[in-house]
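Hi,

Here is the structure I promised to pass on. Have a look at it first, and my notes follow underneath.

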Amino acid sequence: MIPTEDHDASAPLLDGRYRLEQAIGQGGMSVVYRGVDESLHRPVAIKLFHAGIVDIARQEAELGVLASLEHHNLVSLLDAGVVTGQDGTRQRYIVMSLVVGQDLEERLAVGPLASRHIAEIGYDMAEALDYIHSHSVVHRDIKPSNILLVDYGNGSDRARARLTDFGIALAAGVERLTADGVTTGTAAYLSPEQARGGEVGPPSDVYSLGLVLLQCFTRRREFPGSLVESAVARLSRDPVVPEPLPEHWKHLLRAMTAQDPAARPLGAELVTMLRDVVIAETATADHVVEPTDEAATVPTRHDTDRPATLDTLPDESLQRTTAMAARLFDAPIALVEVLDEDREWSQSYIAEGVDESARSISFRNGFAPVPVPVVIPDGSAHPEMRNSPLVTGPLGIRFYVSVPLVKHDGAPIGTLAVLDTRPRQATEDDLANLRDLAALAVSQLEIRQESLRTTSDSLPVPRVVGDHTA
């Protein structure tokens, strides 16, 4: 949200009272405008829902619930109404307080936050969640862009935060403010139970807030990617909490992002935990965890320091692996990606005539290897995949199967996947064959690593610092 300037009297007037100025936010269901309440002469934020996107009658009960919420860490709902256009279409609008300042996503794009400020933001959000949950309201879309950092203009060093956008909130006894079939929540911040399509309650908001606080330190999404990639990742592993963080942060973040909803702190317990972290941070130095850059942190050797075959043979092996996997399933797409000890590997098989967008399919950017086989017979009927661009886009993917690439010590280091435009099943024999292909590829990778260790005694490993080797 941004501060209000002198308003334009020629700007359109909504419902005879609210002067619409420039758009300051937009989503699939609505546009948010900065505006002026002409009756009270105060700046406001006005959310105007797209005509026909929701049944207006369904919104009345929930708007009543949201209007009853009043808390210093929430963006207040001031008014709501319905306007009828010249063509007879009706549109719902809601009027909210205009918050001066940045949202958390914008702030993280600028640079790292002091750990004390992260704690203060977390404490404010814990209080907000405690309040709405006690009123039987679940937000269901906690994410950085829905957390506004308030600038009161008084130079205060205390970070203040407000929670906004209850557009898909769920209140007891009323229908949610969404259109039928609209996926609720944002992929990167869904709780495991949201990803499964299960029952969603207060613990889901706590999990999402845990991911937000983790992102405040790492400045990257823990579970990025498409809906299906992000969902599968969080169902297969817990978020990675950086080791440099002090124990009070590690304990808090792991508790908030526990797979079991019953294990997450709620209500007053969460407020107390965040308050204790604020106290601890006030008395200690700030902690900043810089974004992970694999290329800048993994020791590397110059290509001239080792035989080219050490990279060529595994690369050829991965190429053959994808081609054989595609032939095994008579499928148009197969891909393999590996995060090895010193580098990433990526190979794909794309059949002739397949849309070029297939080349952009990737498990990278934080998508951890899934340690078990995954089979989706028909993506269009799968709750975690049916809204994915892989299914709804030009590729029209229906079938997905993957197995992990597993080292001899049991550690998963990559994923081998096959995709098809036809719905189908994968038998136990199919999975066994795919696992055998993955094992052959891993053998080449482990031989390479052993060769690198053998030559390391005679080849110095340069230390990488930023973009310069020393």
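β11 and β12 form a hairpin, with four residues between them. Helices and strands here are DSSP runs numbered from the N terminus (H or I, at least four residues, for a helix; E, at least two, for a strand). Strand β11 covers residues 333-339 and strand β12 residues 344-350, and they pair in the antiparallel sense over seven bridges. To count as paired, two strands need at least two DSSP bridges between them. If you want one spot to click on, Ala334 has Tyr349 in β12 as its bridge partner.

Before you go further: this is a predicted model, with local features needing pLDDT of at least 70 and side-chain atom pairs counting only at pLDDT 80 or more, while totals for chains, interfaces and linings use all residues. Residues are numbered from 1 along each chain as its sequence is written, and side-chain values use heavy atoms, with hydrogens and water left out.

The other sheet I looked at is an open one of six strands, in the order β1-β2-β3-β4-β6-β5, with antiparallel pairing. β1 (13-14) and β5 (77-84) stand at the edges with a single partner strand each, so one side of each has no neighbour in the sheet. Further in, strand β4 (residues 42-49) and strand β6 (residues 90-97) run antiparallel and are joined by five bridges. Ala45 is opposite Met96 in β6.

Now the aromatics. Rings of Phe, Tyr and Trp (its six-membered ring) pair if their centres lie within 6.5 Å; planes under 30 degrees apart are stacked, over 60 edge-to-face, and the rest tilted. That rule gives three aromatic pairs. One of them is Phe217 with Trp249, edge-to-face at 4.8 Å centre to centre and 75° between the planes. Phe217 lies in helix α5 and Trp249 in helix α7 (residues 247-256), so the pair ties together parts that are 32 residues apart in sequence. Both Phe217 and Trp249 are buried, where buried means under 20% relative accessible area, exposed over 50%, and partly exposed in between (1.4 Å probe, protein chains only).

Phe329 and Phe399 make a tilted pair, 6.0 Å centre to centre with 35° between the planes. This one links distant parts of the chain, 70 residues apart: Phe329 is in helix α10 (residues 309-329) and Phe399 in strand β14 (residues 399-406). Phe329 is buried, at 1% relative accessible area, and Phe399 counts as buried at 0%. Phe399 has a charge to deal with as well: the charged end of Arg424 sits over its ring, 5.2 Å from the centre. The cut-offs there are CZ of Arg or NZ of Lys within 6 Å of the ring centre and within 35 degrees of the ring normal.

Back to α5, the helix that holds Phe217. Helix α5 (residues 202-218) has 17 residues and reaches 25 Å from first C-alpha to last, close to the expected 24 Å; that expected span is 1.5 Å times one less than the number of residues. Of its 17 residues, 16 are buried. Just after α5, Arg219 takes a positive phi of about 60°.

For the whole picture, the protein chain has 12 helices and 17 strands. Buried residues make up 49% of its 470 residues.

Cheers
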